[in-house]
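This report looks at how helices are packed and covered in a single model. Please keep the sequence and the structure in view while reading.

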Amino acid sequence: MLTDDARARLGLRESATFDRATIAGIQRAAETGIYDIRGWGAKRPLPHFDDLLFLGASMSRYPLEGYRERCGTDVVLGDRHAKHPLHLDIPVTIAGMSFGALSGPAKEALGRGASEVGTSTTTGDGGMTPEERGQSKHLVYQYLPSRYGMNPDDLRKADAIEVVLGQGAKPGGGGMLLGQKISPRVAGMRTLPEGIDQRSACRHPDWTGPDDLTIKINELRELTDWEKPIYVKVGATRTYYDVKLAVHAGADVVVVDGMQGGTAATQDVFIEHVGIPTLAAVPQAVQALAELGVHRKVQLIVSGGIRTGADVAKALALGADAVAIGTAALIALGDNHPRYEAEYEKLGSAAGFFDDFQDGTDPAGISTQNPELAARFDPVAGGHRLANYLRVLTMEAQTIARACGKAHVQHLEPEDLVAVTIEAAAMARVPLAGTDWIPGSR
Amino acid sequence: MDAVTEVTTFDLRTDSLRDVNAALHAPGLEGEFVIAHPAGAHNVAVGIDAPVKLTVEGHVGYYAAGMNQQAEVTIDGNAGTGVAENMMSGTVWVKGNASQSAGATAHGGLLVIEGNAAARCGISMKGVDIVVGGDVGHMSAFMAQAGRLVIRGDTGDALGDSVYEARIYLRGTAASLGADCVAKPMRPEHHEELGRLLKAAGFEHDDTGDYTRYGSARNLYHFHVDHAGSY
């Protein structure tokens with residue numbers, strides 16, 4: 001096969017419109033007659049936190065000493081109504097990922113890693129496992145349209161409850177789990193026949209709209225004697241309105257998941273073409289909270305494409321109280337590691353490209369229910385890797401915060417940021433670098 | 001002679017719902033309870049996990065007896081949306097009619113609605129038994145996963161749409177069946193099962209021969225291009 005370089009020398013030119021991935025997609029559709037289902041989040045280029053830069057301190061601002069002066073990282077979530085809000089040591093949480101989508105050991109590792117650094121992890125569509133509860137100091141229990149495995153005993157065991165309306169990878173879509181992953185245990189937890197392709201509802205079965213949600217949230221509070229924070233999670237679309245309605249409905253915490261947020265199985269067309277980038281969603285959410293007078297009172301968790309401490313710091317500076325990671329956490333556990341290169345190739349993929357989480361064939365033993373593959377994954381070692389990664393994210397965010405003269409990462413603010421592209425300036429509502437121009441502002 | 005059971009009465013004109021629910025969550029709870037003057041309140045008697053008897057004297061709003069465990073709850077009136085939603089065990093008995101999503105996602109126990117139930121009765125039910133004295137609305141037993149839904153009257157459109165393994169027993173007529181829902185033969189075990197459910201709900205004089213069983217054709221259990229028109 002010719003290399004790209006050899007093709008260029010021959011004058012062969014790839015179409016920007018019909019690039020190789022597009023051509024392969026058309027060929028695949030013509031062969032199979034069904035849409036492509038895959039994992040991961042949006043892969044297209046999007047304006048993102050990379051397009052923002054911090055203005056470090058110099059003459060007009062004092063920086064903090066990097067290794068001497070304290071820069072706090074803790075965050076309290078859900079202190080508006082709950083008797084027992086969550087007090088986390090770092091502002092990076094683990095996003096909802098189901099047992100079913102992930103193996104039992106992988107879920108356990110998420111709990112271990114998060115607990116080691118004092119942050120929370122989250123269940124997913126499919127219920128709470130004892131492994132996960134046992135290893136998670138702070139566990140958020142998702143309340144989803146399917147209500148798979150939902151029961152009041154687990155609700156009472158949770159540290160917080162997250163009512164899920166949608167996720168960034170598929171706002172408006174329900175869960176999906178293909179038959180390869182409906183093992184006897186997964187089927188039992190979800191009350192489904194083994195091996196079927198699960199069709200999950202996209203709407204909650206017993207409420208519709210914000211007025212009903214108010215009553216539903218009150219039910220969850222009454223059920224748990226007003227002990228637990230109630231989160232509301234939305235996929236980023238009409239974020240300004242959704243956040244306002246979530247606050248009106250009584251949410252203690254709002255989770256906004258941008259389109260770069262991952263999924264275990266969704267139609268490719270859904271992942272790439274529905275929703276808005278995380279960067280565009282954060283200022284809308286903050287504006288909604290500020291207009292209601294509840295910014296920092298109703299906490300905002302942002303997810304979708306958080307990879308580095310710089311992303312964490314930028315999300316916080318734009319007004320988030322914490323972030324959540326999913327895809328990055330899986331990579332920290334060992335997903336897409338080059339050590340499995342040969343096996344990825346056998347699956348028609350490659351390390352760094354593998355996104356067939358729906359197939360249950362993950363060589364790393366993370367997104368699978370195959371016992372042999374799952375046994376490859378060591379939850380203790382995986383948990384340590386995740387904890388290391390979470391520590392790095394935190395230290396990186398502290399490094400930036402100190403450089404900006406902040407004694408707590410929460411003190412970062414939009415004033416510390418500029419954008420390097422006009423698009424990012426318009427979405428993030430910070431000035432284009434070197435100017436005082438925020439596109440769209442007066 | 002039986003010991004006289006003391007009945008504890010709460011009055012929602014004077015007692016706050018939060019206090020009443022908290023009292024019903026007390027560890028080791030037993031005995032009989034009455035909630036007077038519910039006046040359509042939402043979230044009445046949610047989250048009980050005790051073998052108690054509770055009578056609600058009047059109409060209730062959304063989610064009455066939600067997530068019930070063990071308790072025998074009688075609602076002497078009509079119930080709003082999502083009565084006995086996600087019930088795990090015990091009994092919830094509605095003397096009047098129920099609004100939409102009655103028994104939604106419930107995993108166990110028995111829900112009896114003496115009157116009619118509105119749309120989405122038994123939606124995503126996961127093991128509960130539901131007996132409705134009258135009719136049910138459209139999309140009832142939507143994505144019903146397990147359990148039995150007995151309807152003594154008629155149904156609205158799209159009965160049992162995308163049903164999984166739940167069994168539906170219907171005495172009257174379905175306005176239409178939903179995707180993948182089909183009539184199935186009544187074998188002896190179904191007559192026996194239906195007879196038990198009717199008896200438990202106080203309708204033991206019904207002839208099980210008047211009922212038709214509906215369930216999943218299981219054609220949609222795997223995503224396939226040939227089914228595209230069914231979704």
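## Packing of helices 11 and 15

In this predicted model, helix 11 (residues 309-317) of chain A packs against helix 15 (residues 379-403) of chain A at an angle of about 55 degrees, with the axes 7 Å apart. That angle makes helix 11 of chain A oblique to helix 15 of chain A, where angles under 35 degrees count as roughly parallel, over 145 as roughly antiparallel, 65 to 115 as roughly perpendicular and the rest as oblique.

On the side of helix 11 of chain A, the contact is made by Gly309(A), Ala310(A), Val312(A) and Ala313(A), which meet residues of helix 15 of chain A including Val392(A), Met395(A), Glu396(A) and Thr399(A) (contact: C-beta atoms, placed from the backbone, within 7 Å). By class, this contact of helix 11 of chain A with helix 15 of chain A has 9 nonpolar, 3 polar and 1 charged residues.

## Burial of the two helices

Helix 11 of chain A is largely enclosed by the rest of the structure, because 8 of its 9 residues are buried (20 or more other C-beta atoms within 10 Å of a residue's own). Among them are Asp311(A) and Lys314(A).

Helix 2 (residues 20-32) of chain A, with 13 residues, is hardly covered, the count of buried residues being 0.

## Basis of the model

Residues are numbered from 1 along each chain as its sequence is written, and chains are lettered from A and ligands numbered from 1 in the order in which they are written. For this predicted model, local features need pLDDT of at least 70 and side-chain atom pairs count only at pLDDT 80 or more, whereas totals for chains, interfaces and linings use all residues.

Conventions:
Axes fitted to C-alpha atoms, helices over the stretch in contact; angles between N-to-C directions. Helix = DSSP H or I, 4+ residues; strand = E, 2+ residues; numbered from the N terminus. Contact = placed C-beta atoms within 7 Å. Nonpolar A, V, L, I, M, F, W, Y, C, P; charged D, E, K, R; others polar. Expected span 1.5 Å × (residues − 1). Buried ≥ 20, exposed ≤ 12 C-beta atoms within 10 Å, placed from the backbone.
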